[in-house]
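Please read the report below alongside the sequence and the model. It covers charged pairs, a surface patch, cysteines and the helices of one chain.

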Amino acid sequence: MKYALKRNLMLVLTMVIVSFLTFLAFELISGDPAEAMLGTEATPERLAALREELGLNRPFLVRYASWLAGFASGDLGVSLHYRQPVWDLIAPKLEITLCLCLVSFALITVVSIPLAIWSYRWTGTVFEAVRTAFNQLCMAVPPFFTGILMSYLFGILLRLFVPGDFPDLRDQFGEALVHLFFAAVCLGIPRTAMTVRMMRSTVIGEMQKAYVRTAISRGNDRRAVLTRHVLKNSLTAAVTFLGQTMAELIGGSVVVEQVFGIPGLGRLLVYSISTRDYPVVQTVVVILAFWVVLAGTLADLINQRVDPRLRLGGAA
Amino acid sequence: MKKRRINGYLLCGLIITGVLLLAALVGTFYTPFDPNAMNGAEKFQAPSFVHLFGTDNFGRDIFSRVVKGSGTTLAIALATVAIGAVVGTLVGAVTGYFGGVADDALMRLNDALTAFPSILLALLVISIVGPGNKYNVVLALGIVFIPSFARVTRTAFAGLRDVNYITSARLMGAKNGRILLVHMLPNTVRVLLPAITIGFNNAVLAEASMSFLGIGVTPPDASLGYLLSEAQDKLSRAPWYALCTGAVIALLVFGVGLIGEGLQKMDREVA
């Protein structure tokens, strides 16, 4: 329990640091939001009034604190481009991106682990080179390319979904899920290949250890040793890697959303960058960063449940 | 004497990458057609012997455009990796060799940065330096790739710090700079080379993603990612456009990936 507490404290600390750095970065570059909002209509009086209204004439740290407090209570300021509260803008998109990442994550987990064990069996055979090459190829194909291929094949030729026309997540959940499924597959292919590669080398490394040799020399079945002992010992590495996968998916989703026309967080981010809508960019970046840190913490906590050695101090 | 086996991964990777590199190099001064010349009579031509990859909605030759575009992509990726590798190695060498408080602080920062998806960091940096300019893309990606190189080299340099031949070099009165450069650096090539191949691939993919999103390279420069975003709009009329462009990106990353795999395999066999 102590470990979990410490880990959660670290989580909070990291989040504060990340949000501070982001706030600082945007503070340095974004110039005067009041000027950006008023544009050509700016007069000294109106600028002063708007600055007062937005609270821009307060010291930096006070603004950071109030921004942080706003973040906690859901008040994230107003978008410069949409002139709409940032949270109202982000909330529905966050939902969609979350769904996309979860579907993709589930696919990766379900496919890659059996595949890794299966590919381990091929070690030393002629197929090994073929498998390695195929694995490399899967890692090489960028998700936006598979995305284009898929939207051509399943969208334009087979008409399973309409590329660029994302159904409402609440009203047409089934259709939306089909749309998300194809996007999730594209997002997941390179990552699945990486997971297979990682798992395979972990299993190979584990199989060379003394306990495996002992177990086999005692007359145990090789396969039984693999499933009963080796896989258990490879689990922590897998959990850590899947935690990173969760983080990596959120980055990949930015691009895949663009290909499939999914109105998620990534699309909003890209659009906000090109329109220099800093309050939105800032918030999205912080949310995505939180996601990444959270995934890492979660992986660590799960590992600590899985592996008693981590629980009893030592490596922690 | 042990018979040396041919390293198939390395060989295949070098061949694929070499051909693409050569094509891109030739493409800087010669392409079969002018990549931007429009030809109203030859719109949406399917691939043929005249137009290997077909033509687009303006009748432009896609093969020429892809060759030219891969030149841009390669140049950006190489520049990016160069920034990342040089600065990263410098940081890694200094922190790994000297250790201390600076090492701890930098590595904590590094931990935080490497945790983030590279595309996300690149987007953040590009939104700070301003989108739509190839030098800014190189800058953004270069900065993003520094931490991973720093991490890899730091481990290598830290591992070498107390090795006998380094101690003996120090006893002979060699200066720190000389030890780092002459004695340690050549011994980190082993880990640096695979890291460079991985970094190069990530750079190609990140550049392509950014240009695809419209915040990377913009016309008149055209990179493979930009071409792919152009191709997506014409998917129903000219599917070969997207297919050929994407295949070239995939082939490039595949080739360099094989080189990396081969290098690691070679390393395992030597060790």
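Arg197(A) is partly exposed, because its relative accessibility is 30%; here buried means under 20% relative accessible area, exposed over 50%, and partly exposed in between (1.4 Å probe, protein chains only). This is a predicted model, in which local features need pLDDT of at least 70 and side-chain atom pairs count only at pLDDT 80 or more, while totals for chains, interfaces and linings use all residues. Residues are numbered from 1 along each chain as its sequence is written, chains are lettered from A and ligands numbered from 1 in the order in which they are written, and side-chain values use heavy atoms, with hydrogens and water left out.

**Salt bridges**

Side chains of opposite charge can pair when their charged atoms come close. A salt bridge is counted when a side-chain nitrogen of Lys or Arg lies within 4 Å of a carboxyl oxygen of Asp or Glu. Over all chains, the structure holds three salt bridges.

| Salt bridge | Closest N to O |
|---|---|
| Arg197(A) and Glu261(B) | 2.5 Å |
| Lys209(A) and Glu206(A) | 3.6 Å |
| Arg65(B) and Glu230(B) | 3.2 Å |

Arg197(A) forms a salt bridge with Glu261(B). Arg197(A) sits in helix α8 (residues 173-207) of chain A and Glu261(B) in helix α9 (residues 239-270) of chain B, so this pair joins two chains. Helices here are DSSP runs (H or I, at least four residues), as strands are (E, at least two), numbered from the N terminus. Glu261(B) is buried, with a relative accessible area of 13%.

Lys209(A) is partly exposed at 42% relative accessibility, whereas Glu206(A) is buried at 8%. Arg65(B) forms a salt bridge with Glu230(B). Arg65(B) belongs to helix α2 (residues 62-98) of chain B and Glu230(B) to helix α8 (residues 224-233) of chain B, so the pair ties together parts that are 165 residues apart in sequence. Both Arg65(B) and Glu230(B) are buried.

**A nonpolar patch**

Which residues form a nonpolar patch on the surface? They are Leu13(A), Ile17(A), Leu21(A), Leu24(A), Leu28(A), Leu106(B), Leu109(B) and Leu113(B), with about 710 Å² of accessible area together. Such areas come from the Shrake-Rupley method with a 1.4 Å probe, and for residues only the protein chains shown count as cover. Patches take residues with over 30% relative accessible area and no salt bridge; like charges are joined within 9 Å, and nonpolar side chains (Val, Leu, Ile, Met, Phe, Trp, Tyr) within 5 Å. The largest share, five residues, comes from α1(A). Leu113(B) lies in helix α3 of chain B and is partly exposed at 31% relative accessibility.

**Cysteines**

A disulfide (a pair of cysteine sulfur atoms within 2.5 Å) is absent: a search of the whole structure finds zero over all chains. For Cys99(A), the nearest cysteine sulfur, that of Cys101(A), is 9.6 Å away. For Cys186(A), the nearest is that of Cys138(A), at 12 Å. Cys186(A) is buried, at 0% relative accessibility.

**Chain A as a whole**

Chain A has 13 helices and zero strands. Of its 316 residues, 46% are buried. Its C-alpha atoms fill a box of roughly 85 × 55 × 35 Å along the principal axes.

The mean pLDDT (the predictor's confidence in each residue, from 0 to 100) of chain A is 80, and 91% of its residues reach 70 or more. Among the elements of chain A, helix α2 (residues 33-38) has the lowest mean, 64, and helix α9 (residues 210-217) the highest, 88. Where pLDDT is low, the predicted coordinates should not be read in detail.
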